[in-house]
Amino acid sequence: QTLLPGEVKYIRLRTQQEVWDAIYLLKVRGAPAIGIAAAYGIYLAMKPAAAVAYARFAERFEEALNYLASARPTAVNLVWALERMKRVVTGNVGESASSLLTLLKEESLRIHREDEHACRAIGQYALPLLKPGMGILTHCNAGRLATSKYGTATSAVYLAQERGYGLKVYCDETRPLLQGARLTAFELSRAGVDTTLICDNMASHLMSEGLIDVVFTGCDRIAANGDAANKIGTLSVAVNAAYHGIPFYICAPISSIDPACKTGADIPIEERPAQEVTDMWFQKSMAPPGIRVRNPAFDVTGANLITGIITERGIAKPPYERSLPEMLSPI
Ligand code: MRU
């Protein structure tokens, strides 16, 4: 995803190190896709341990888990997937390494498949919120490229497209890494969706022109109170939407809910290199040499700005302290 839209190239990752690098360098990105990659990554990490005793296997698993979890801090789906893989090991004490490997492989494939179903279900719950001809604003890329299929924020768009709704989707370019321009505009326009790219600072103007009926964004981690961390700039979109009286929805699988974080203040925010702001994408630096730069990769949208959180189990509405635990409780 660092080469798109200029080059479409599939890469094959064979080792834990390659998976870690791919996540760290954003070759694979987007919360659900990071989780899926990490699940495959820990299976790859354990493959060389096919002949060791259980205790040693469990020890090496823990090391690999900690390593892969360190690739990126904000999307909870990364740790969620690794913890799910861990339960395979802790739930089969004494099993041979080769059977554990088979079980781990099956679990990683299951995580991948389940994400596809979750994304489709998110779209099915979101679809009734849309009417033909509506304008939708989205931020960053919470599309097919960030998940196994359909995306989260884009899922209803694809379902509406199949039904001939003629939606108009506006993509924030999403400074500084341009996921909206490079990825969302790329995947939606290729799918034949009526797609318009805007700079991040144009959203409020378009809202004032009446072009935006609803905002759908993805999310990297949802706290117990409904505060939601997503790509930097999402908070501005939500504030603008509230100002203009436009509904703002977070679309995310339940694996993005982290009850261990009481509020958004508990969510770790990744800080990325200054060079992404000053130099990347420019032919020469666009800032004075040595200027102090802040580059937080995510921000937290307060629960009070979120109209609803659309998951594969339905739409959670405020108060989120009550609706999110219902989403999480076994069905
Ligand atoms: O830094 P990124 O590109 O990984 O950030 C991605 C986002 O913020 C997405 O909106 C989020 O992960 C949801 S993807 C379905």
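This passage describes the ligand site and the pockets of a predicted model. Local features require pLDDT of at least 70 and side-chain atom pairs pLDDT 80 or more, while totals for chains, interfaces and linings use all residues. Residues are numbered from 1 along each chain as its sequence is written, and side-chain values use heavy atoms, without hydrogens and water.

The ligand sits in the largest cavity; a cavity is a set of points on a 1 Å grid over the protein atoms alone where a 1.4 Å probe fits but cannot get out, and sitting there requires more than half of the ligand's atoms to lie within 2 Å of its grid points. Around the ligand are 17 residues (a heavy atom within 4 Å), and Arg29, Ala31, Arg72, Asn230 and Lys231 are the closest. Polar contacts (pairs of N or O atoms within 3.5 Å) to ligand oxygen atoms include a side-chain atom of Arg29 at 2.4 Å, a side-chain atom of Gln179 at 2.9 Å and a backbone atom of Gly30 at 3.2 Å. The protein covers 99% of the 410 Å² of accessible area that the ligand has on its own (Shrake-Rupley method, 1.4 Å probe).

Turning to the pockets (open sets of grid points with protein on both sides within 12 Å along at least five of seven lines; lining residues have an atom within 4 Å of a point), the largest has a volume of about 1200 Å³. Its lining comprises 29 residues, with Gln1, Tyr10, Ile11, Lys27 and Val28 closest to the centre. The second largest pocket holds about 270 Å³ of space and is lined by 16 residues.

Note on methods
Polar contact = N/O pair within 3.5 Å; in protein donor to acceptor, adjacent residues only side chain to side chain. Points joined across faces, edges and corners; volume = space filled by probe spheres on them.
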